[in-house]
Amino acid sequence: MTDKAFPFHARAIVVGGGVIGCSTAYHLAKLGWEDVVLLERKQISCGTTWHAAGLITTLRDTEAQTRLAQYSLQLYSDLEVETGQATGFINCGSVQMAMSEEKAEEMRRGCAMARTFGVRNQEISPGEVKALFPLAYVDDLICGFHFPDDGRVNPADVAQALAKGARQRGVNIIEDTAVTEVLYKGNRAVGVRTDKGDIAAEVVVLCPGMWGREVGLMAGVDIPLQAAEHYYLISEPIDGLHNKLPILRDPGRGVYAREEAGKIMLGFFEPVAAPWAVDGIPKNFCFDEIQPDWERMEPHIERGMQRLPILFDTGIRQFFCGPESFTPDHNYLMGRAPFKENLFVACGFNSLGILSGGGAGHVMAQWITDGIQPMDIWDVDIRRIQPCHNNKSYVVDRTYESLGIGYQMHWPNRQWETARNVKQSILHDRLAAAGACFGESAGWERPNWYANPGQTAAYEYDFARQNWFANNREEHRAVREAVGVFEQSSFAKLLIQGRDAERVLNRIATADIAVPIGKVVYTQFLNIQGGVEADLTITRIADDRFLVVTAAFTQTHVQAWIAENIPDEAFCVVTDVTGAYAMLNVQGPNSRDLLSAISSADFATEAFPFGTMQAIEIGYQSAMAVRISYTGELGWELYIPTEMALPVYDQLIAAGTEFGLKHCGYHTLNSLRIEKAYREWAHDMGPKETLLQAGLGFTAAWDKPGGFIGREALLAEREQGPLKSRLVQFLLSDPEPILTHNEPILRDRVPVGYTLSSGYAHTLGGCAALGYVHCDNGVDAAFVATGSFQIEQANRTYEARASLTPMYDPTSVRTRG
């Protein structure tokens with residue numbers, strides 16, 4: 001309902017009246033936006049918001065998600081004073097329990113990281129858990145972890161408070177109004193069509209909740225999510241319960257519990273879920289419930305009730321089932337819609353919408369206002385999504401696993417088990433026969449490591465050395481001492497064509513793209529703040545044609561970034577040719593001799609310099625050979641027409657025996673690149689780290705005609721003196737520990753950053769990592785050299801050597817020899 005006349009124009013339209021839509025509208029108005037309209041198909045909070053559990057727990061997987069939760073916690077505690085509408089906020093704290101040593105180790109690691117973000121936490125004994133929540137059974141616990149600042153809210157009240165705050169700031173909230181179409185002028189969103197008429201707008205924000213995929217298909221945007229049955233029970237009243245009892249989270253039993261008006265709420269995240277409404281959500285859904293499946297849930301109910309045994313003697317007043325939606329990778333969907341202008345998306349919060357809703361609305365409003373994300377949130381950026389992720393069968397099948405994944409073990413290198421084999425290289429069967437253990441990235445099945453004869457090609461997860469550690473060591477050694485072959489067909493390949501292609505790319509890329517045919521350029525794309533939006537190579541293959549190669553998981557983002565930066569008058573088109581070429585990457589000191597054995601091309605440096613491409617013949621087949629390295633060794637990437645890939649592979653493998661050729665997987669590519677301190681976008685740099693902070697200023701052609709996007713910001717940064725944040729390489733002194741990422745970095749025992757990526761540097765003899773070091777007075781060589789560095793992992797610290805330059809082959813003699 002609304003007390004205003006139906007509008008026909010707005011500055012911004014927010015579609016969806018759940019907690020995310022209300023928060024986004026509230027924060028836009030708080031930033032000074034006028035003429036904001038929120039459209040809700042039925043009533044505020046009537047989808048999934050109203051029946052959420054309202055848990056505000058701040059231990060999250062990433063810094064960005066932690067910051068969203070922290071902001072929400074503070075907002076919900078203050079909102080009643082501002083609006084007069086209660087949110088039901090109670091600062092009761094939370095306790096997460098560990099039933100195994102493995103879960104305790106996982107929690108200790110996460111808690112160490114969380115403390116660097118200001119999340120107070122403490123490991124407590126089972127007895128201390130029982131003291132905090134006397135009804136809990138604790139005899140099967142190893143320990144617990146207490147978060148005293150966590151809390152709980154009433155979800156429907158939070159949505160109403162945000163809506164009231166938005167109205168007080170001038171937002172027009174219109175209920176019972178369905179959006180049937182997003183209106184475009186070209187690729188620019190210019191309004192929406194509703195069942196009451198059209199509304200023109202400068203910006204459209206889609207916050208459709210569990211209707212995300214349906215709304216996305218209507219709007220021409222991939223928004224992959226699927227609703228699933230989600231359960232909790234409410235007990236009969238129990239004497240002695242009060243609302244200051246902490247939230248209990250019990251991953252070992254897949255449940256959470258909290259007090260609810262003198263009763264116990266017990267919620268379930270079962271390991272195998274039940275997708276709901278796979279053929280479409282009922283049209284008139286509004287505060288609806290789902291008929292519970294007692295038979296399916298009975299084992300989970302019994303197991304969960306064992307944590308609070310009094311429930312066996314207390315009646316169940318209500319067994320509730322309502323829908324919650326989940327994304328294929330269990331991360332949110334936020335940001336600018338790819339290939340569209342003035343269209344934003346925020347949904348897919350995987351049952352964490354209340355927890356992240358305040359922060360998400362804050363971030364979205366800043367993003368919409370400034371045109372750039374206010375924090376590094378790639379893990380939840382919708383531009384990570386590819387069309388295959390929105391396949392209906394894929395989304396449904398992944399939902400069986402994704403609902404409960406948050407309560408499962410978060411093992412390093414854990415692989416999804418459902419919805420696999422979406423994309424396979426033409427060489428897939430050959431690689432499987434060679435012993436490949438496949439992982440998944442961007443839908444591609446890719447060899448992560450190779451099993452030896454008689455060894456099962458499957459992961460055995462551990463926080464220490466996993467079962468493929470020795471395989472990785474031998475693959476790593478082969479590349480350093482002989483030659484290895486990596487199958488990298490999944491890498492995205494984009495053909496940029498047209499008479500203005502050079503001009504377009506030269507404006508986007510930091511490096512000078514006005515190079516001779518056959519030249520390969522390593523470069524980055526930047527935003528206007530100098531932050532790194534892409535890290536890739538560009539090869540000039542003709543006067544008016546360039547080949548851009550980027551990591552598979554970045555394809556949507558990179559392709560959209562290029563397309564969105566092509567001026568309307570430019571003659572330049574982008575074509576995805578990923579499937580047209582297989583890619584074999586031959587790396588190591590023997591790579592030249594191996595390739596010379598199967599091709600008549602001259603691979604000597606004088607004839608084939610580093611950073612160049614040539615068309616070569618291999619037997620009856622042909623390939624584009626690119627001399628470049630992501631391993632720190634001599635090597636060539638072979639781009640082979642897909643129809644020729646099998647015979648080229650067979651010739652390479654047959655000839656390779658003489659030269660010590662070994663199949664190598666992506667884990668080895670990672671350990672080699674980290675040993676050489678090569679960066680990986682989205683891990684070691686992103687939109688909020690500048691080119692200079694990432695140590696990649698050498699790629700910038702500062703004086704090229706027309707400059708490049710982000711140049712002015714970098715020039716200003718250079719004038720400010722020593723950088724306050726710089727990417728540093730670390731090597732542990734102790735050869736035994738295995739780092740993963742998100743470990744605090746200490747300088748003289750004081751936190752100065754955290755690790756972003758890691759791998760075992762077999763040549764250097766220990767685990768290596770990359771991470772940013774921060775200092776308000778500047779980070780320079782002297783600051784790094786005079787400090788004593790440690791890496792904190794769980795409740796342990798390890799001494800580490802730090803360097804601003806690569807510890808392995810710092811002058812890159814081996815790659816250019």
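Tutor: Helices (H or I, at least four residues) and strands (E, at least two) are DSSP runs, numbered from the N terminus. This is a predicted model, where local features need pLDDT of at least 70, side-chain atom pairs count only at pLDDT 80 or more, and totals for chains, interfaces and linings use all residues. Residues are numbered from 1 along each chain as its sequence is written, and side-chain values use heavy atoms, with hydrogens and water left out.

Student: In which strand is Val 573 found?
Tutor: Look at the run of residues 573–576. Val 573 belongs to that run, which is strand 26.

Student: Is Val 573 buried, partly exposed or exposed?
Tutor: Buried means under 20% relative accessible area, exposed over 50%, and partly exposed in between (1.4 Å probe, protein chains only). Val 573 has 46% relative accessibility, so it is partly exposed.

Student: Which residues does Val 573 touch, not counting residues up to four places away in sequence?
Tutor: Contact means heavy atoms within 4.5 Å. Asn 350, 223 residues away along the chain, has its C-alpha atom 37 Å from that of Val 573. The residues that Val 573 touches are Leu 495, Ile 496 and Gln 497.

Student: What is the strand order in the open sheet of eight strands?
Tutor: Two strands pair if DSSP finds at least two bridges between them. The pairing in this sheet is mixed. The order is 5-6-4-13-14-15-12-16.

Student: Which strands stand at the edges of that sheet?
Tutor: An edge strand here has a single partner, so one of its sides is left without a neighbour in the sheet. The two are strand 5 (122–124) and strand 16 (316–326).

Student: By how much are neighbouring strands of this sheet turned against each other on average?
Tutor: Axes are lines fitted to C-alpha atoms, for helices over the stretch in contact, and angles run from 0 to 180 degrees between N-to-C directions. For this average, direction is ignored. The value is 25°.

Student: Which residue is the bridge partner of Arg 258?
Tutor: Strand 14 (residues 255–260) and strand 15 (residues 263–268) run antiparallel, joined by six bridges. The partner of Arg 258 lies in strand 15. It is Met 265.

Student: At about what angle does helix 3 run to strand 6?
Tutor: Helix 3 (residues 101–116) lies across strand 4 (94–98), strand 5 and strand 6 (143–147). Its angle to strand 6 (143–147) is about 25°.

Student: And at about what angle does helix 9 run to strand 12?
Tutor: Helix 9 (residues 392–402) lies across strand 12 (226–235) and strand 16. To strand 12, helix 9 runs at about 30°.

Student: Why is the pair of Tyr 231 and Phe 319 called stacked?
Tutor: Rings of Phe, Tyr and Trp (its six-membered ring) pair if their centres lie within 6.5 Å; planes under 30 degrees apart count as stacked, over 60 as edge-to-face and the rest as tilted. Both residues are buried, with Tyr 231 in strand 12 and Phe 319 in strand 16, 88 residues apart. The centres are 5.1 Å apart, and the pair is stacked because the planes stand at 20°.

Student: Which residue forms a tilted aromatic pair with Phe 319?
Tutor: The centres lie 4.4 Å apart, with 45° between the planes. The partner sits in helix 7 (residues 294–305), 25 residues from Phe 319. At a relative accessible area of 44% it is partly exposed, whereas Phe 319 is buried at 9%. The partner is Trp 294.

Student: Which residue takes a positive phi in the hairpin of strand 9 and strand 10?
Tutor: Strand 9 (residues 179–185) and strand 10 (residues 188–194) pair in the antiparallel sense over six bridges. Val 179 stands opposite Thr 194. The hairpin has two residues between its strands, and the phi near 70° belongs to Gly 186.

Student: The charged end of which residue sits over the ring of Tyr 184?
Tutor: A charge sits over a ring if NZ of Lys or CZ of Arg is within 6 Å of the ring centre and within 35 degrees of the ring normal. Here the charged end is 4.4 Å from the centre, and the residue is Lys 340.

Student: With which side chain does that of Gln 790 make a polar contact?
Tutor: A polar contact is a pair of N or O atoms within 3.5 Å; within protein, one must be able to donate a hydrogen and the other to accept it, and residues adjacent in sequence count only if both atoms are side-chain atoms. Gln 790 lies in strand 36 (residues 789–793) and is buried, with a relative accessible area of 1%. At 2.9 Å, the partner is Ser 788.
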